[in-house]
Amino acid sequence: MSGKKVILSAVLLCMVVPSFAQLQKNYIIHDVVPTENVTSLEFNPSLEVLDNSAGTSISKMTFKAGFMVDKHFNIGLEVPLMRYESDGFAKNGLGDVSLSLTATQYEWGALSLGTSFEFIAPTATDDVLGSGKMQFSPSLYAVLMPGEHFFLAMGYKQYWSVFGNGNRADIDKGRFRAIFGYLSSDQWWVMADPRYVIDYQDSARAHFAPEFEIGTMVNPGASVYLRGGGKMGGNLPGPDWIVSVGFKVLHL
């Protein structure tokens, strides 16, 4: 079975799970507001179509783990298993593994702040599955939550290559991001997540790529979501469109 069929099968499977969630009403939404720290294990299949006309795509199964040290500190790990396909050529293997350290603060009423330091290792088993560079990626963000149903998050993330394969391109990119979220009292949520990415190696190259997400709590310790989006403008390379599903197991 091709990578695309695997991802589409996972999408159809996860879309039916939320119908069971509405049977349970006695819990709140967890691990959606960016400054909330929760110990979690997440399975995230996704499909990124890099060039729709050429049939170039990457299918991923990303395993994500987060460990809450306390309510202000979190350690995260992401391990992607990938398949690259383009015009009859395909490669399977491990992608670039990342480790992150996150700190958040909640002491300003409706406003909370967070910062993260991510290290992305060049662990990919083939050039088409990774960058070939060790990357350092700090970020800073703020979340405004004036009530229990709405939140606005604004953030900036920088990507720098530190060392690695000298034949691969250096990385110096920035990502501006905003999240507009609605949290329902029926334990489902919806988010709009517009992103603007600029390449500082060539400041004339940038793109705008919004994503959208809908999800629900399945029970007090688990949630599922469906996310999709794609590039809507700009000349910086990026996926034409992307779709992913996720299932999280939460230890609160």
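In the predicted model, strand β7 passes into strand β8 through a hairpin of five residues. Strand β7 covers residues 133-144 and strand β8 covers residues 150-164; the two run antiparallel and are joined by ten bridges. Within this pairing, V143 stands opposite A153 of β8. Strand β8 is also paired with strand β9, which spans residues 172-183. The strands β8 and β9 are likewise antiparallel, with eleven bridges between them. Here F151 faces G181 of β9 across the pairing.

Salt bridges were then examined, and the count comes to 14. One of them is formed by K91 and D126, whose closest N and O atoms lie 3.8 Å apart. This pair links distant parts of the chain, as K91 belongs to strand β4 (residues 89-94) whereas D126 sits in the loop between β6 (111-120) and β7, 35 residues apart. K91 counts as partly exposed because its relative accessibility is 31%, which falls between the limits of 20% and 50%. D126, with a relative accessible area of 22%, is partly exposed as well.

A further salt bridge is formed by R195 and E211, with the closest N and O atoms 3.8 Å apart. R195 lies in strand β11 (residues 195-199) and E211 in strand β13 (residues 211-219), so the pair ties together parts of the chain that are 16 residues apart in sequence. Both R195 and E211 are buried.

In the salt bridge between D199 and R205, the closest N and O atoms are 3.0 Å apart. The two partners differ in their burial class: D199 counts as buried at 6% relative accessibility, whereas R205 counts as partly exposed at 29%. Salt bridges that share partners also join R177, D193, R195, E211, E213 and R227 into one network. The buried residues R195 and E211 are thus among the members of this network.

Strand β13 also contains T216. T216 is classed as buried because its relative accessible area, 2%, is under the limit of 20%. The side chain of T216 reaches the backbone oxygen of Q187 at 3.1 Å. Along the chain, T216 and Q187 are 29 residues apart, while their C-alpha atoms are separated by 5.8 Å.

A nonpolar patch was identified on the surface, with an area of about 780 Å². The patch is made by F67, V69, F73, I75, L77, L99, L101, F117 and F119. Four strands each supply at least two of these residues, namely β2 (56-70), β3 (73-86), β5 (98-108) and β6. The largest share, three residues, comes from β3. Among the members of the patch is L101, which is placed in strand β5. L101 counts as partly exposed, with a relative accessibility of 41%. This value is over the 30% that a residue needs to be included in a patch, so L101 meets that requirement.

Methods
Residues numbered from 1 in each chain as written. Predicted model: local features only at pLDDT ≥ 70, side-chain atom pairs only at ≥ 80, totals over all residues. Heavy atoms only, no water. Pairing = 2+ DSSP bridges. Salt bridge = Lys/Arg side-chain N within 4 Å of Asp/Glu carboxyl O. Buried < 20%, exposed > 50% of the residue type's maximum accessible area, 1.4 Å probe, protein only. Patch = residues over 30% accessible without salt bridge, like charges linked within 9 Å, V, L, I, M, F, W, Y side chains within 5 Å. Areas by Shrake-Rupley, 256 points an atom, 1.4 Å probe, with all protein chains shown as cover. Polar contact = N/O pair within 3.5 Å; in protein donor to acceptor, adjacent residues only side chain to side chain.
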